Amino acid sequence: MGFNIVKIAAGCAFLAVLSFVFDSFYTVNASMVGVVLSGGKISSVSQPGMHFKTPFYQTVKMIDLKTNSSTVKTEAYTFDQQSANLRLNIIWNFIGTQAENIYVNYKGDENYINDFVIFPKLVDCTKTIFGQYNAEKVIQKRGEFVTLLNTKFKELMKDFPINVQSVQVEDITFSKVYETSVENAMKARADVERARAELERVQLESQQKVKIAEAEAEAAKKRADAKAYAIAKTEEANAAAIKLRAEALSQNQDIIKLTIAEKWDGKLPATMVPGSTLPFIELNTDPK
């Protein structure tokens with residue numbers, strides 16, 4: 001009986017020693033840091049790797065530094081009082097160098113800081129910036145809105161122990177009535193643009209036709225001017241020729257006779273007017 005008690009005691013002692021040994025070491029994974037508590041107070045922060053601690057006196061609380069992706073939904077109003085439902089996604093992680101702050105103020109719990117810090121401030125920031133746009137502009141300039149939201153929210157969170165990597169606006173949904181009105185307005189603008197383009201096309205074609213007509217008229221005018229000039233020059237030449245011929249005839253009467261002789265066909269007239277003379281017959285009364 002006494003032997004069994006000794007064996008049991010020895011076994012318990014062995015287990016205690018074994019537990020003591022195993023409880024003396026702990027491992028911090030690569031994506032974590034460990035907050036070491038000595039008697040319930042923070043004494044140090046352990047980086048990734050294997051470490052030693054005093055059993056039963058020291059405990060270690062792990063803080064995960066991995067990237068977190070969280071989604072939040074909210075309703076916001078535009079500058080022109082249009083309601084929209086937004087779905088946001090935020091990617092963030094704890095800052096390892098602020099492990100003590102994370103443990104003391106946020107319990108080292110990502111859900112706790114999501115619910116009580118990140119989500120409320122993100123929703124408030126989103127509503128403020130969203131309200132600076134009217135409904136049409138926030139759709140047209142969505143990229144600008146997202147960029148501004150990232151800038152402002154990161155500035156807002158700079159005093160907290162987290163690193164905000166990005167905020168994405170996954171969806172913006174307006175009421176069906178407003179979406180229909182936007183579609184109709186966009187269609188109307190598109191119709192106006194098409195009508196304007198068609199008008200510009202018609203005007204351009206009309207201008208081209210006017211230019212062609214003006215060019216043709218100018219060409220016709222030039223042709224007419226050229227023809228009139230040619231006729232005038234021809235008439236001037238004929239008048240000059242007639243004038244020269246008249247002068248020549250007046251200076252030499254024999255040319256008239258020669259011209260008549262050149263045109264005579266060699267036949268005498270069939271009838272004679274009493275008292276007339278035969279052509280080309282002149283009586284030379286000069287006794288010489």
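**Helix packing and sheet pairing in a predicted model**

Colleague: How many bridges join strand β7 to β8?

Modeller: This is a predicted model, in which local features need pLDDT of at least 70, side-chain atom pairs count only at pLDDT 80 or more, and totals for chains, interfaces and linings use all residues. Residues are numbered from 1 along each chain as its sequence is written, and side-chain values use heavy atoms, without hydrogens and water. Strands here are DSSP runs of E of at least two residues, and helices are runs of H or I of at least four, numbered from the N terminus; two strands pair if DSSP finds at least two bridges between them. Strand β7 (residues 83–94) runs antiparallel to β8, and the number of bridges joining them is 11.

Colleague: Which strands stand at the edges of the sheet?

Modeller: The open sheet of 3 strands has the order β6-β7-β8, with antiparallel pairing. Each edge strand has a single partner, so one side of each is left without a neighbour in the sheet; these are β6 (68–77) and β8 (162–174).

Colleague: Is α3 parallel or oblique to α5?

Modeller: Helix α3 (residues 110–130) and helix α5 (residues 142–156) pack with their axes 10 Å apart, at an angle of about 135 degrees. Axes are lines fitted to C-alpha atoms, for helices over the stretch in contact, and angles run from 0 to 180 degrees between N-to-C directions. Angles under 35 degrees count as roughly parallel, over 145 as roughly antiparallel, 65 to 115 as roughly perpendicular and the rest as oblique. The packing angle therefore makes α3, relative to α5, oblique.
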